Amino acid sequence: MIEFLDLTKTYGKSGTMAVDHLNLKVESGELFGFIGPNGAGKTTTIKMLTGILTPTSGEAVIEGISMQREPMKAKRMIGFVPDGADLFDRLTGFEYLNFIADIFEVSAADRKARMEKYLELFELTGDAGNQIRSYSKGMRQKLATIGALIHDPQIWVLDEPMMGLDPRAAFLLKEEMRKQCEAGKTVFFSTHVLEVAEKLCTRIAVINKGKLAAVGTLEALQGQEHAESLEDIFLELTQKSGDGESE
Ligand SMILES: Nc1ncnc2c1ncn2[C@@H]1O[C@H](COP(=O)(O)OP(=O)(O)OP(=O)(O)O)[C@@H](O)[C@H]1O
Ligand SMILES: [Mg+2]
């Protein structure tokens, strides 16, 4: 379970409010999609959720534990795939995964089993012995994804996870996201691929200019906005809020 309580982030002296009093609750077992225009505040929200950024005010609560008050405890429960994962170039895939497993104190047996399973699943087994600097963008993305699952986290957070993945890898990732939710985990991800959000998510939140523009199941959003596709809903909501703000 994830809760955002009045989560707010203002950057620098300019006072740009990247995330503006965000209140949202995501239940366990949900596959939750976070969509919004460029600069809407998705990555900023995710960075506060994962403890990378300190909120200006408010907090992110994971399984009842505040990321801001008890970061070490909260971080243990999260697996995070950032956008454009910046990995350690000189480590091999195996070394990287072992490093992450060490940080999360994963037992030898568990890490071996999970490494084998996920390297096989994402078709990276043959490359795991090579240095990361020899990896393509998609291979890096896959390795970061496996690294985020190595401690079997209760909460899986992904920032634009489909970026750079080929169609087959994207399919495999979507399947894994579904499986995690079926196992009672919470998956929270941002995406610009509306078809993915449409097909995959239990609920979707639309964020615009740091504010929650709408949240609900696809059906609920369709009813609310009198629109068929998520694309229409997205355009309608982001247009509307934009107009409101500029007036
Ligand atoms: N480090 C930073 N310093 C100053 N402003 C920032 C910083 N990071 C983000 N911002 C600003 O905060 C706002 C939200 O940015 P954010 O990266 O959260 O958007 P996003 O929804 O993830 O966008 P995208 O879809 O392009 O990834 C933007 O106005 C951006 O310019
Ligand atoms: Mg972003």
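In this predicted model, strand 2 (16-26) and helix 1 each contribute at least two residues to the shell around ligand 1. Helix 1 gives the largest share, with three residues. The residues surrounding ligand 1 are Tyr11, Gly12, Thr16, Ala18, Gly36, Asn38, Gly39, Ala40, Gly41, Lys42, Thr43 and Thr44. Sorted by class, this shell holds eight polar residues, three nonpolar residues and one charged residue.

The ligand shell leads naturally to the sheet that contains strand 2. This is an open sheet of four strands, arranged in the order 2-1-4-5 with antiparallel pairing. Strand 2 and strand 5 (65-66) are its edges; each has a single partner strand, so one side of each is left without a neighbour in the sheet. Strand 1 (residues 2-11) pairs with strand 2 in the antiparallel sense, and seven bridges join the two. Among the facing residues, Ile2 stands opposite Val26 in strand 2, while Lys9 has Val19 of strand 2 as its bridge partner. Helix 1 packs on this sheet, where it touches strand 1, strand 2 and strand 4 (57-62). The direction of helix 1 makes about 120 degrees with that of strand 1. The hairpin of strand 1 and strand 2 has four residues between the strands, and in this hairpin Gly12 adopts a positive phi near 55 degrees. Gly12 also belongs to the residues that surround ligand 1.

A further open sheet has six strands in the order 6-7-8-3-9-10, and its pairing is mixed. At the edges lie strand 6 (78-81) and strand 10 (211-216), each of which pairs on one side only. On average, neighbouring strands of this sheet are turned by 15 degrees against each other, with direction ignored. Strand 9 (residues 203-208) and strand 10 run antiparallel and are joined by five bridges. In one of these pairings, Ile207 has Leu212 in strand 10 as its bridge partner. Helix 1 (residues 42-49) packs on this sheet as well, touching strand 3 (31-35), strand 7 (155-159), strand 8 (186-190) and strand 9. The direction of helix 1 makes about 150 degrees with that of strand 7. Helix 1 is thus found in contact with strands of the four-stranded sheet and with strands of the six-stranded sheet, and helix 1 also supplies three residues to the shell around ligand 1.

Attention now turns to a pair of helices. Helix 3 (residues 93-103) packs with helix 5 (residues 137-149) at an angle of about 30 degrees, and their axes are 9 Å apart. That angle makes helix 3 roughly parallel to helix 5. Their crossing is right-handed. On the helix 3 side, Gly93, Tyr96, Leu97 and Ile100 take part in the contact, and they meet Leu143, Ile146 and Gly147 of helix 5. The residues of this contact comprise five nonpolar and two polar ones, with no charged residue.

Methods: Residues are numbered from 1 along each chain as its sequence is written. Chains are lettered from A and ligands numbered from 1 in the order in which they are written. This is a predicted model: local features need pLDDT of at least 70, side-chain atom pairs count only at pLDDT 80 or more; totals for chains, interfaces and linings use all residues. Axes are lines fitted to C-alpha atoms, for helices over the stretch in contact, and angles run from 0 to 180 degrees between N-to-C directions. Angles under 35 degrees count as roughly parallel, over 145 as roughly antiparallel, 65 to 115 as roughly perpendicular and the rest as oblique. A crossing is left-handed if the near helix is turned anticlockwise from the far one by less than a right angle, and right-handed if clockwise. Two residues are in contact if their C-beta atoms, placed from the backbone, lie within 7 Å. Ala, Val, Leu, Ile, Met, Phe, Trp, Tyr, Cys and Pro count as nonpolar, Asp, Glu, Lys and Arg as charged, and the others, Gly among them, as polar. Two strands pair if DSSP finds at least two bridges between them. A residue is near a molecule or strand if its C-beta atom, placed from the backbone, lies within 6 Å of it.
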